[in-house]
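Got a few minutes to walk through a protein fold? Pull up the model and follow along.

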Amino acid sequence: MQLVESGRALLRTVRVAARNALFLRLHGHSATLRCQRFSSESKGEKNSQVTPMMKHLVMKIKSTGPITVAEYMREVLTNPVKGYYMHHDMLGEKGDFVTSPEISQIFGELIGVWFVSEWMAAGKPKKMQLVELGPGRGSLTSDILRVFNQLSSILTKCDISVHLVEVSPKLSKIQASVLTEGRTELPENPSACMQGITKTGLPIFWYQDLNDVPVGNSFYLAHEFLDALPIHKFQKTEKGWRELLVDIDPDTPDKLQFVLAPSATPATKAFIYDKESRDHLEVCPEAGIIIQKLAHNIEKNGGAALIIDYGHDGTKTDTFRGFCGHKLHNVLISPGAADLTADVDFSYLQKMAQERVATLGPIKQQDFLKNMGIDVRLQVLLKSVNDAAIHSQLLRSYEMLMDLDKMGGRFHFFALLPHYRFTASDQLTKPNDSTSLSVPIAGFGELSWK
């Protein structure tokens with residue numbers, strides 16, 4: 001756990017320093033870098049009103065000086081009183097975005113099959129913890145548990161428990177309604193904030209922090225979770241790398257703007273590598289800490305992790321954006337009223353795994369679902385319905401999940417697995433060892449060491 005603790009210590013150092021003298025008011029000598037502008041009259045944006053979160057941020061910046069983009073995201077999304085995620089149901093057609101589980105049950109069913117497949121490949125351990133980070137409305141977990149129930153003859157001797165990591169009280173209540181019919185109680189485990197029994201009879205627990213989830217043989221799932229974690233943004237200038245900060249617009253006191261730090265910040269020194277070739281960079285240290293923790297637990301206790309998100313292999317630059325009403329939204333307008341997100345850098349996640357585990361992917365959602373047999377499952381469902389409307393809806397859902405111009409090409413699958421999954425003996429095989437076996441992994445096709 002030394003690496004995980006050192007990562008947390010570094011993150012704490014960056015946060016504390018951000019509030020200190022290095023982030024003094026930039027005033028007239030600040031270098032301004034304006035983000036892409038969206039019209040405040042866009043249909044995708046709520047009115048450019050001074051939200052409660054805007055008032056909070058203005059007061060904060062007046063007191064401490066410009067804040068990092070990471071601190072801005074953390075306040076806007078998860079502030080306990082005014083945060084976007086804390087009191088909103090942002091999913092579905094009436095929300096700000098739709099996720100794959102909300103589109104078709106097939107998505108969650110195939111992921112459920114993947115977890116069962118990996119459980120069997122691991123030797124059918126007697127205990128299994130299904131751990132989902134950021135479960136949304138609970139739809140994905142519900143579909144997975146339905147698969148577990150249908151395969152109960154295979155899982156009959158396995159003690160399965162469900163563990164959900166969720167910071168939003170609003171979404172926790174929705175998840176409990178979907179998964180337990182609302183039958184929850186105060187937990188016996190002080191680390192959990194709520195517990196209950198699922199509709200399929202499994203114990204289920206809620207936590208606000210991944211660190212509170214019991215250590216054990218865990219199968220982790222993070223679907224559209226890492227993209228919402230706070231990022232630091234950096235710009236290469238003639239004077240070297242400078243971090244982007246959020247400041248008050250001097251011309252309009254109730255509006256915000258991006259500015260460049262006048263000198264290198266602690267985050268700049270911590271996260272910029274000498275060989276970086278891009279001129280703009282986004283780094284998510286919290287995602288790195290999570291990957292370190294998952295890799296450590298999988299290495300010590302077995303299990304697997306499946307991460308599904310939109311992202312890239314370390315080539316993209318400026319991906320920070322907002323969504324409101326299913327449309328792009330200026331990230332600095334009406335904070336607290338829209339979702340904020342940035343593409344996941346999968347190459348960074350691979351580095352953070354530090355060879356403790358094997359990494360697979362990222363591969364496109366279309367490829368993963370096709371490898372998992374989505375076409376066969378679709379045909380089974382089509383033959384089972386006589387209603388023309390349902391038949392049409394199944395085909396539209398399939399297209400949304402698989403079309404490369406839609407979710408099929410935008411989302412990627414990335415996995416963490418113990419090294420023993422790829423060795424013929426008890427000896428560990430390093431990823432760069434030419435004797436590594438190309439063991440097929442469900443969904444990923446041919447094994448590609450990273």
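We'll start with the whole chain, then look at two helix pairs and one leucine.

Keep in mind that this is a predicted model. The protein has 450 residues, and 56% of them count as buried. Its secondary structure adds up to 16 helices and 19 strands. If you take the contacts with a separation of 6 or more, 73% of them join residues 24 or more positions apart. As for the outside, the protein exposes about 20,600 Å², with carbon and sulfur atoms supplying 52% of that area.

Now for the first helix pair. Find H6, which covers residues 105–121, and H7, which covers residues 139–150; their axes come within 8 Å and cross at roughly 55°. Angles from 35 up to 65 degrees fall outside both the roughly parallel and the roughly perpendicular ranges, so H6 and H7 are oblique to each other. The crossing of H6 past H7 is right-handed. On the H6 side, the contact is made by Gln105, Phe107, Gly108, Glu109, Ile111, Gly112, Val113, Phe115 and Val116, while H7 brings Leu140, Asp143, Ile144, Arg146, Val147 and Phe148. Sorted by class, that gives nine nonpolar, three polar and three charged residues in the contact.

Next, move along the chain to H11 (residues 285–301) and H12 (residues 346–353). The axes of these two helices come within 8 Å and cross at roughly 45°, and H11 and H12 are therefore oblique to each other. Here, too, you're looking at a right-handed crossing, with H11 passing H12. H11 puts Pro285, Ala287, Gly288, Ile291, Gln292 and Ala295 into the contact, and H12 answers with Tyr348, Leu349, Met352 and Ala353. What classes of residue make up the contact of H11 with H12? There are eight nonpolar and two polar residues, and no charged ones.

Last stop: leucine 394, which you'll find in helix H15, residues 388–402. Is leucine 394 buried or exposed? Its relative accessible area is 16%, and the cut-off for buried is under 20%, so leucine 394 counts as buried. Leaving aside residues up to four places away in sequence, leucine 394 touches Leu378, Leu381, Leu382 and Val385. Try one more check on your screen: pick the C-alpha atoms of leucine 394 and isoleucine 103. These two residues are 291 residues apart along the chain, yet their C-alpha atoms are separated by 9.2 Å.

Notes
Residues numbered from 1 in each chain as written. Predicted model: local features only at pLDDT ≥ 70, side-chain atom pairs only at ≥ 80, totals over all residues. Heavy atoms only, no water. Axes fitted to C-alpha atoms, helices over the stretch in contact; angles between N-to-C directions. Helix = DSSP H or I, 4+ residues; strand = E, 2+ residues; numbered from the N terminus. Parallel < 35°, antiparallel > 145°, perpendicular 65-115°, else oblique. Left-handed = near helix turned anticlockwise from the far one by under 90°. Contact = heavy atoms within 4.5 Å. Nonpolar A, V, L, I, M, F, W, Y, C, P; charged D, E, K, R; others polar. Buried < 20%, exposed > 50% of the residue type's maximum accessible area, 1.4 Å probe, protein only. Areas by Shrake-Rupley, 256 points an atom, 1.4 Å probe, with all protein chains shown as cover.
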